[in-house]
Amino acid sequence: MKLISEFYRIFIRPVDPGLFMTKYAIKSICACLLALSLGYIVGMSSKFLQWSAYGSLVVVIFRAGSTLAKRRAVARWLALTVMCLVPVSTLLGNYPVVLEIYLFLLAFTVFFVPVLGVAAATASTGVLIINLLALTSPDTFLMGLERSGAVFFGAAISYIFLFYLWPMNPEKVLNRAGSVALTDIGDYFRAVASSTGSKEDLKEIAEIHERSVESLRRYRGFMEAMNVDPVKGLGSYEGPSALYALLVRMIEAVVGLANSRQFAEHSTVFKDMRFKFSDLAGRSSVAFDVLAAGISTGKGQVDLRGLDEGIADLESELLRLGAYKRDDGLRDEFLEAWGAIYGLRNLSTEFAEMSKLCCRGGACSVR
């Protein structure tokens with residue numbers, strides 16, 4: 001039962017994008033099989049059939065980019081580079097000294113290119129592997145051109161299949177994963193906002209927190225599986241990296257609230273303020289639902305005026321109490337209350353930042 005439960009939790013949870021990764025793998029396998037099958041049908045000899053498979057693998061394995069258009073561009077440039085270098089590598093494999101120099105230059109270039117980004121690193125790895133295969137099976141330049149033609153055949157079949165016949169948009173998959181993560185963070189926030197501090201509540205909060213963290217890890221895992229640069233676009237409110245950074249900040253904001261929401265719990269002076277704080281926090285939880293839906297639709301407009309006004313009122317009320325001036329033991333309670341209100345304001349700021357990301361392209365605005 002535990003195995004089934006784990007499988008369900010990771011792959012089959014409602015709107016969980018884990019099944020998209022399964023489809024991702026199936027499509028890649030089908031693309032390679034189609035390229036090999038068509039090569040066999042047109043009568044391609046076995047020595048060129050394997051190079052057709054190499055061309056297919058170049059497109060299938062060494063993809064990169066957070067959008068379908070970027071992945072198409074990477075695949076085209078990668079296939080073109082391999083096709084141009086395979087004849088050269090095939091010929092130079094006959095000359096040991098030249099081969100060593102060429103291999104050193106190729107390896108140096110390939111290991112230097114990653115400074116340009118994840119996409120370049122992925123493409124350069126594919127170039128190095130295919131050229132190593134050519135270098136270890138030297139022949140004439142004409143044979144290299146024929147191998148290059150076989151590479152083109154396999155790459156073209158896989159390219160058409162993966163990007164036109166059965167395309168998968170990585171941006172949609174990542175947005176879906178981000179929506180799941182934000183939904184889990186919203187559940188975590190609701191549990192924190194409604195907690196009475198009992199052992200049962202604290203246990204539930206810990207479980208939901210762990211689920212939220214796991215969703216965040218899964219999102220990062222999908223980024224890595226798709227060779228998406230984890231830091232690209234951080235300051236542009238655009239792309240999976242920006243979304244990941246905001247999700248991390250969002251869960252950190254909720255963790256801060258979880259540590260401070262039961263402020264001054266033994267003081268009757270702050271009793272009314274605690275009630276207002278809990279009510280405001282509970283009402284603000286709807287923003288998580290709006291933003292989670294907006295990640296996929298690009299229309300995550302959220303009205304934060306009520307939340308910001310409520311926070312301002314709490315701040316004014318706290319200052320009117322004047323607890324920070326009194327020597328009757330209320331200074332610590334004041335600091336706890338101020339920390340809780342600050343945590344809620346910080347969460348409101350993250351709501352606004354997330355709304356900018358959801359409303360990219362001017363589809364809506366934060367109010």
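Is Ser212 buried or exposed? This is the opening item of a set of exercises on a predicted model.

**Exercise 1. Classify Ser212 and describe its surroundings.**

Step 1. Find its element. Ser212 sits in helix α9.
Step 2. Read the accessibility. Ser212 has a relative accessible area of 0%. Buried means under 20%, so Ser212 is buried.
Step 3. List its partners. Leaving out residues up to four places away in sequence, Ser212 touches Asp184, Ile185, Tyr188 and Ile251.

**Exercise 2. Give the overall make-up of the protein.**

Step 1. Count the elements. The protein has 14 helices and zero strands.
Step 2. Write their order. From the N terminus, the elements read α-α-α-α-α-α-α-α-α-α-α-α-α-α.
Step 3. Take the burial. The protein has 367 residues, and 46% of them count as buried.
Step 4. Look at contact range. Take contacts between residues at least 6 apart in sequence; 79% of these join residues at least 24 apart.

**Exercise 3. Explain why Cys30 and Cys32 form no disulfide.**

Step 1. State the cut-off. A disulfide needs two cysteine sulfur atoms within 2.5 Å.
Step 2. Test Cys30. Its closest cysteine sulfur is in Cys32, 9.5 Å away, so the gap is too far for a bond.
Step 3. Test Cys32. Its closest cysteine sulfur is in Cys30, again at 9.5 Å and too far for a bond.
Step 4. Conclude. The count is zero disulfides.
Step 5. Add the exposure. Cys30 is partly exposed at 29% relative accessibility. Cys32 is buried at 16%.

**Exercise 4. Check the length of α4 and locate its kink.**

Step 1. Take the limits. Helix α4 covers residues 68–92, which is 25 residues.
Step 2. Compare spans. From first C-alpha to last, α4 reaches 36 Å, close to the 36 Å expected at 1.5 Å a residue.
Step 3. Find the bend. A kink of about 30 degrees lies at Leu85, shortly before the proline Pro87.
Step 4. Look at burial around the kink. The buried residues of α4 include Val82, Val86, Pro87 and Ser89.

**Exercise 5. Show which face of α11 is buried.**

Step 1. Check the span. The 14 residues of α11 should span 20 Å, and the end C-alpha atoms are 20 Å apart, which agrees.
Step 2. List the buried residues. They are Met273, Arg274, Phe277, Leu280, Ala281 and Ser284.
Step 3. View down the axis. The buried residues of α11 fall within an arc of 130 degrees, so they line one face of the helix.
Step 4. Recall the geometry. An α-helix has 3.6 residues a turn, so residues three or four places apart point the same way.
Step 5. Turn to the face away from the buried side. That face of α11 carries the exposed residues Lys271, Phe275 and Arg283.
Step 6. Name the cover. The buried residues of α11 are covered by elements including α8, α10, α12, α13 and α14.

**Exercise 6. Map the nonpolar cores.**

Step 1. Start with the largest. The largest nonpolar core has 60 residues. Leu182, Phe288, Leu344, Leu347, Phe351 and Met354 have the most contacts inside it.
Step 2. Assign elements. Those giving two or more residues to this core are α8, α9, α10, α11, α12, α13 and α14.
Step 3. Find the other core. Apart from the largest core lies another of 24 residues, including Phe62, Leu99, Leu106 and Ala123.
Step 4. Zoom in on Leu347. Beyond neighbours within four places in sequence, Leu347 is in contact with Phe189, Met250, Ala253, Val254, Leu257 and Phe288.

How values were computed:
Residues are numbered from 1 along each chain as its sequence is written. This is a predicted model: local features need pLDDT of at least 70, side-chain atom pairs count only at pLDDT 80 or more; totals for chains, interfaces and linings use all residues. Side-chain values use heavy atoms; hydrogens and water are left out. Buried means under 20% relative accessible area, exposed over 50%, partly exposed in between (1.4 Å probe, protein chains only). Helices (H or I, at least four residues) and strands (E, at least two) are DSSP runs, numbered from the N terminus. The expected span of a helix is 1.5 Å times one less than its number of residues. The bend at a residue is the angle between axes fitted to the seven residues ending there and the seven starting there. A nonpolar core is a set of buried Ala, Val, Leu, Ile, Met, Phe, Trp, Tyr and Cys residues joined through side-chain atoms within 4.5 Å. Contact means heavy atoms within 4.5 Å. The arc is that of the directions from the helix axis to the C-beta atoms.
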